[in-house]
Amino acid sequence: MSKLGQIEISPAASAAEEINAYMAEQEKKSLLRFLTCGSVDDGKSTLIGRLLYDTKLIFEDQLAALTKDSRKHGTNGEDIDFALLVDGLEAEREQGITIDVAYRFFSTPKRKFIVADTPGHEQYTRNMATGASTADLAIVLVDARQGILRQTRRHSFIASLLGIRNIILAVNKIDLVDYSQDVFDKIVADYQEFASKLGFKTIQAIPLSARFGDNVIGPSANLPWYTGPALLQHLENVPLEIADEARPFRFPVQFVNRPNLDFRGFSGTIASGSVAPGDEVVVAKSGKSSRVKRIVTWDGDLKSAGEGEAVTIVLDDEIEVSRGNMLVAPDARPDVADQFAANVVWFAEHALIPGRSYILRTETDQVTATITDLKYRIDINSFAQEAAKSLDLNEVGVVNISTQVPIAFDAYKSNRSTGSFILIDRLTNATVGAGMIDFALRRASNVHWQALDVDKASRAAQKDQKPAVVWFTGLSGSGKSTIANLVEKRLSSLGKHTYILDGDNVRHGLNRDLGFTEEDRVENIRRVGEVAKLMADAGLIVLVSFISPFASERRMVRELLAEGEFLEIFVDTPFEECAKRDPKGLYAKALRGEIKNFTGVDSPYEAPDNPELHLKTVGRTTEELASEVEKLLVEHGIIFNYDQSSWSI
Amino acid sequence: MTKNLTHLQRLEAEAIHIFREVAATFSNPVMLYSIGKDSSVMLHLAMKAFYPAKPPFPFLHVDSTWKFKEMIAFRDSEAQRLGFDLLVHSNQEGIEQGIGPFTHGSNTHTHIMKTVALRQALDKYGFDAAFGGARRDEEKSRAKERIFSFRNAQHSWDPKNQRPEMWKIYNTRVAKGESIRVFPISNWTELDIWQYIMQEEIPIVPLYFAARRPVVERDGMLIMRDDERMQLLPGEVLQQKMVRFRTLGCYPLTGAVESGAATLPEIVSEMLVSRTSERQGRMIDKDEAGSMEKKKREGYF
């Protein structure tokens with residue numbers, strides 16, 4: 001017996017020829033990835049089992065095992081229970097439910113298929129989303145006796161959210177309602193009413209019986225009133241999304257291939273568009289441009305490469321590109337931003353909470369990210385937007401996200417590869433959510449990094465120094481500004497170019513809108529960090545004198561700057577000593593309760609664990625302390641070509 | 001110009017992407033090399049993924065000491081031809097205790113000489129990611145497994161609590177002691193493997209091709225007597241038959257099929273009309289229902 005889709009093979013000597021013809025035939029086949037979804041007991045696994053059985057993809061030994069299993073666990077009496085073919089886990093067979101997504105493979109003369117059979121229980125929604133994320137089409141099953149259920153709506157919504165545009169509404173168990181056209185029409189009408197909001201391109205409704213095979217691989221005599229295609233017929237003929245040539249080139253860099261000094265290539269999979277040697281490409285995050293020199297593969301260099309191909313690109317120049325960056329078309333660049341709006345599906349028992357920090361991972365990039373705002377939760381039944389403080393397991397919401405450093409991305413609706421991300425719990429490393437980016441927020445959106453010809457190194461070289469941010473942290477009155485002031489005086493006398501950013505002074509201008517709550521203190525430091533970064537970029541040695549009580553914000557500034565550019569100095573003066581000195585009379589007021597959120601009194605100070613320099617001030621002169629700072633600058637190569645004896649105080 | 005990729009080109013690109021993802025994100029990956037046809041395809045894909053560099057990880061063969069002699073010879077010649085870094089590990093305690101499939105049965109043998117041996121090797125070298133050549137079409141529990149499959153510090157798999165695996169974004173983060181098994185050819189079928197071997201002219205162990213071999217019929221399977229350790233039982237006769245193997249493992253546990261298929265096209269042709277799955281020749285799957293899942297939970301690949 002020949003399997004469906006396979007040519008008859010004679011045992012003659014021309015086997016090689018026939019096989020080659022067969023192989024050539026296989027090569028031309030397209031691939032459709034689809035999933036089955038819907039509520040519990042709507043018969044998803046049974047349907048796939050039936051498809052595999054009727055397309056003769058079940059082997060004799062598997063059939064024997066299935067018959068044995070059916071007697072043990074089956075729900076169909078003496079008949080074969082096809083669900084047992086796909087419910088591969090012991091727990092699934094024992095409980096008669098599907099827990100996790102199973103992938104199955106079959107082919108017909110026209111197409112190859114990868115099927116994701118996904119669970120119907122609400123608690124396993126994340127596994128349904130896993131199956132949907134790589135699918136081109138969804139079969140939504142409905143039990144003809146039950147009609148549209150909560151899970152039918154949820155799964156249709158998630159399929160739509162994940163970008164699936166083709167739906168088959170399979171009205172199953174039609175045998176149990178006497179093959180009634182009225183029942184079928186009613187369900188189709190109900191479905192179309194709510195699905196009209198979900199943006200599907202095609203919805204094909206098919207009445208069928210997975211258990212008895214009606215309308216599965218061919219038309220059924222039991223359903224004379226139905227004139228549409230059988231399930232398999234439709235799966236074979238539904239038009240596929242073809243790679244759209246018009247989409248701009250996107251190449252997320254996965255891996256830098258550098259086997260020796262003569263070769264430096266960027267490996268990755270082309271997410272969209274195409275590329276050829278000689279094409280200009282831009283590094284998304286830096287804005288630097290170069291040209292493609294070679295497209296390297298094991299099978300030889302390529303003349304061009306397009307969407308879906310895994311290649312290694314060699315550029316004309318030695319420009320900086322690393323994993324997480326993207327090579328893109330110069331005239332149609334992705335967004336590069338650190339704030340954006342996105343849809344999020346939540347997978348974890350612990351709720352999503354705005355303000356909490358997670359690891360955000362795109363196809364190749366990984367950054368720390370915070371949900372800054374939960375704009376609303378989406379009600380699965382009515383698709384209404386509801387105010388919410390958190391997102392629980394299996395809920396969907398729209399959020400604003402802020403990343404520690406900018407990432408390169410497109411909107412999910414224009415590119416599934418470059419517009420998606422997952423969120424990972426920092427402690428347990430569990431995947432807690434999946435997101436689809438809508439758009440970049442405010443200023444971040446269309447401001448691309450302008451690559452400048454005069455760079456930081458050349459500006460610093462002109463000044464005969466290495467730029468740095470010297471960050472003095474410590475309690476109010478600990479002596480930060482006094483020491484910084486003397487250090488600047490000495491550097492200036494050496495001809496060095498410097499600037500002091502002082503907490504009090506900055507609060508009079510740039511940060512005058514900020515108070516002393518925890519949120520405002522965080523923003524205070526963020527702004528000063530960014531200003532210090534620009535000044536360092538100008539080649540300056542920047543002395544920053546800020547209480548900066550929180551370790552996380554100091555770490556944030558350190559991470560803003562290049563390696564070795566941030567020098568943290570802990571000006572360590574005990575609280576009692578500061579309160580005694582009290583140069584501005586603030587401690588007295590704070591201790592009387594007249595100032596709220598005063599560091600060391602009713603707001604904490606987190607001392608640095610590993611500062612570059614720990615200055616204990618008690619019993620030492622400002623001159624001694626300033627000299628220690630200078631020694632640090634020499635050790636770190638910030639200042640050089642100097643003669644200590646020439647220092648004047 | 002953008003061309004639509006063929007089915008095999010898509011599968012190849014997906015596998016290469018997965019290989020690179022592991023190399024870029026894990027500190028100490030390894031590839032489990034079992035010498036079979038799937039391993040041959042994996043090896044070929046790994047060479048492609050990192051070209052012109054060599055794969056930046058070693059290849060580990062867990063040797064139960066009961067493999068076919070031709071497999072070991074093939075392994076060594078491939079290591080030499082491609083210049084990859086080959087590690088071989090056997091469970092020394094198991095060898096000292098004389099564990100073998102004839103004396104201890106397939107279950108005990110597989111557990112001690114394969115599962116335990118694998119855990120020993122992973123612990124010894126501290127690998128945090130291990131590539132395997134499992135495919136989802138092979139077996140029911142494998143059809144349920146993620147491409148990046150998390151293992152706790154005891155190397156065990158929790159099928160009810162797998163990480164969601166969305167798009168091509170893989171969560172590769174592990175804590176110390178934990179690891180991830182990675183299956184780049186999860187979405188390939190047996191036919192895809194053969195088609196790819198033909199297309200790419202990938203060398204495979206000659207045991208896949210039919211030849212006259214000394215076999216004994218035992219428990220309904222044709223077992224090839226590869227060395228003296230296999231004693232004939234009363235009534236058993238050693239016969240010379242034209243046979244080949246659809247999968248390769250420990251010779252006492254791997255059944256041969258009678259076949260005249262001596263070339264790749266003949267093998268594919270035979271496969272297309274076959275009415276049994278390739279794992280039918282594997283004794284270890286049959287010991288009890290759900291036995292593959294059980295072995296996987298214990299740390300088997």
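Which strands of chain A does helix 14 (residues 551-560) lie across? In this predicted model, that helix lies across strand 23 (468-473) and strand 26 (566-572) of chain A, and runs at about 155 degrees to strand 26. Here the axes are lines fitted to C-alpha atoms, for helices over the stretch in contact, with angles from 0 to 180 degrees between N-to-C directions; contact means heavy atoms within 4.5 Å. Helices (H or I, at least four residues) and strands (E, at least two) are DSSP runs numbered from the N terminus.

Residues are numbered from 1 along each chain as its sequence is written, and chains are lettered from A and ligands numbered from 1 in the order in which they are written. Local features need pLDDT of at least 70 and side-chain atom pairs count only at pLDDT 80 or more, while totals for chains, interfaces and linings use all residues, and side-chain values use heavy atoms, with hydrogens and water left out.

Strands 23 and 26 belong to an open sheet of 5 strands in chain A, ordered 24-25-23-26-27 with parallel pairing. Strand 24 (498-502) and strand 27 (613-616) sit at the edges, each pairing on one side only; two strands pair if DSSP finds at least two bridges between them. From one strand to the next, the twist averages 20 degrees. Strand 24 is joined to strand 25 (residues 541-545) by 5 bridges, and A:Leu501 stands opposite A:Val544 in strand 25.

Elsewhere in chain A, helix 11 (residues 480-493) packs against helix 17 (residues 622-635) at an angle of about 60 degrees, with the axes 9 Å apart. That makes helix 11 oblique to helix 17, a label for angles that are not under 35 degrees (roughly parallel), over 145 (roughly antiparallel) or 65 to 115 (roughly perpendicular). Among the residues that meet here are A:Ile483, A:Leu486 and A:Val487 in helix 11, and A:Leu625, A:Val629 and A:Leu633 in helix 17.

Then there are the nonpolar cores, sets of buried Ala, Val, Leu, Ile, Met, Phe, Trp, Tyr and Cys residues joined through side-chain atoms within 4.5 Å. Buried means under 20% relative accessible area, exposed over 50% and partly exposed in between (1.4 Å probe, protein chains only). In the largest core, of 77 residues, A:Phe34, A:Ile139 and A:Leu235 touch the most other members. A second, separate core of 75 residues includes B:Leu43 and B:Met71.
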